[in-house]
Amino acid sequence: MSKIVFWSSVDASAVLEPLVKEINAQGVIAEHRFVISAESSRNRKSTLDRAILRIRMYIEYPIRLIFESIFYRRPRIYVVTTNTFFAPLIAIAFSKSNQKVIHLVWDLYPDLLVDGDINRLNNPVISVLSKLVGLIFSRAAANVFLGERLLCYAQSRFPVISNAHIIPVGGDDGLFMESQFSTIEANKPVDILYCGNLGAMHDIDTLLGALDSEILLQAKFKLSFNASGSNYAALRGELKKKKNYPFVNISLEAPLANAAWRDRMLEAEVALITLKPNAEKFVMPSKFYSALVSGQAILAVCTNDSDLATLIDENDCGWIVEPGEPDQLRDAILEITTNAGLLSIKRQNALKVGREKYSAQVIAGEWMRLFKLIENN
């Protein structure tokens, strides 16, 4: 089989490294390439830092991809993510006839840029971007989506999506196999963790509303953030305005490096994940799968009409709260902190489904079937 190269502008090793490792273990050479380290993408505090990041993402990365496509002549399968969103079109345009390009849709553009607003989608600039993305969908050897609803929405927007497949991100269960499944100690606060990006598509208002409840001030839980992103800064600012700030049971910290991240994931009993209404059409949080394979129950603020909610409901691995319903979130936290037996069941269900359906080994098998399919066509 041809060599497999996963391309993204920013280091996505947390997601792609275990997948690449498993593909190599199955006898196929695979690697992950990028131009921006994960640390650089997180450390964008100044205007200059953000400007440099954009130059590297939108200029340096495409140029690297063009050179790779032009000068490498052997058979290859390129899996090009939507980070950066037009990169798959570059790979399609410059790749050779003996090379295939798979479009990996992590986020749906340009809809993500305008929150799916129909009126804004008709903007001339956005319309041009839609046509470019439409070209990618029609000309890629395959288009891979992370969930069923994401695919259905894309099909409603774009007339031709060739060879569409659904392959979840999955999680690196190998990181957690050696550790014991942790149990909640009596009288110990339940450890709820938000770990990862907290950007424009992630809801913070529901959480802020729930924290106004006096009841939660007495509940036995700690809520920790190891995050980055535009809405993380907004969350910090809003929390400081509250009369009870600083909250003794809330910590707001920076993102973690891999080793510290692994340890922290094993400590937490519950993963907090949030999505704004409408965001379910464009994104599926990859942190969901890492939480499953590390034995965390899921506390999700998302619409019931989302891939995230469906997976939680089908596998009984957590709680679903509608965005804009802070009382629901308050009640979910209270149940989590007062019903240790139920929390343990949901954690066990999460771990079971994570390892049986979404481990790196299982997901690599799905990719291998796709690679063989497009090579034979």
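**View 1. A salt-bridge network takes in Lys-3, Glu-31, Arg-33, Glu-68 and Arg-76.** A salt bridge here is a side-chain nitrogen of Lys or Arg within 4 Å of a carboxyl oxygen of Asp or Glu. This is a predicted model, so local features need pLDDT of at least 70 and side-chain atom pairs count only at pLDDT 80 or more, while totals for chains, interfaces and linings use all residues. Residues are numbered from 1 along each chain as its sequence is written, and side-chain values use heavy atoms, with hydrogens and water left out. Within the network, Glu-31 and Lys-3 pair up with their closest N and O atoms 2.3 Å apart. Glu-31 sits in strand β2 (residues 30–33) and Lys-3 in strand β1, so this salt bridge ties together parts 28 residues apart in sequence. Strands (E, at least two residues) and helices (H or I, at least four) are DSSP runs, numbered from the N terminus. Glu-31 is partly exposed, at 22% relative accessible area, and Lys-3 is partly exposed with a value of 22%; the cut-offs are under 20% for buried and over 50% for exposed, with partly exposed in between (1.4 Å probe, protein chains only). Another member of the network, Arg-76, lies over the face of Tyr-72, 3.5 Å from the ring centre. To count as over a ring, NZ of Lys or CZ of Arg must be within 6 Å of the ring centre and within 35 degrees of the ring normal.

**View 2. Asp-305 and Arg-149 meet in a salt bridge, 2.7 Å from N to O.** The pair links distant parts of the chain: Asp-305 is in the loop between β11 and α13 (307–315), Arg-149 is in helix α7 (residues 148–157), and their positions lie 156 residues apart in the numbering. Arg-149 is partly exposed, with a relative accessible area of 28%. A search of the whole structure turns up 18 salt bridges.

**View 3. Glu-238 and Lys-241 form a salt bridge within one helix.** Their N-to-O distance is 3.1 Å. Both residues belong to helix α10 (residues 230–241), three residues apart, or about one turn of the helix. Glu-238 is partly exposed at 34% relative accessibility, whereas Lys-241 counts as exposed at 63%.

**View 4. Six parallel strands make an open sheet.** The order is β9-β8-β7-β10-β11-β12, and strands pair if DSSP finds at least two bridges between them. At the edges stand β9 (250–253) and β12 (318–321), each with a single partner strand, so one side of each has no neighbour in the sheet. From one strand to the next, the twist averages 20 degrees; axes are lines fitted to C-alpha atoms, for helices over the stretch in contact, and angles run from 0 to 180 degrees between N-to-C directions. Helix α14 (residues 326–338) packs on the sheet, touching β7, β8 (221–228), β10, β11 (297–301) and β12, with its direction at about 165 degrees to that of β12. Contact means heavy atoms within 4.5 Å. Helix α15 (residues 340–357) lies across β7, β10, β11 and β12, at about 100 degrees to β12.

**View 5. Strand β10 pairs with β7 and β11 in parallel.** Two bridges join β7 (residues 190–197) to β10 (residues 270–274), with Ala-271 of β10 as the bridge partner of Leu-193. Five bridges join β10 to β11, where Thr-274 stands opposite Val-301. Five of the five residues of β11 are buried, so this strand is largely enclosed by the rest of the structure. Ala-297, Leu-299 and Val-301 are buried on one side, and Ile-298 and Ala-300 are buried on the other.

**View 6. Aromatic rings pair up, including Trp-7 with Tyr-61.** Rings of Phe, Tyr and Trp (its six-membered ring) pair if their centres lie within 6.5 Å; planes under 30 degrees apart are stacked, over 60 edge-to-face and the rest tilted. The count comes to 14 aromatic pairs. Trp-7 and Tyr-61 are tilted, at 6.0 Å centre to centre and 50 degrees between planes. Trp-7 is in strand β1 (residues 3–7) and Tyr-61 in helix α3 (residues 47–71), so the pair ties together parts 54 residues apart in sequence. Both residues, Trp-7 and Tyr-61, are buried. Tyr-194 and Phe-225 are stacked, at 5.6 Å and 25 degrees.
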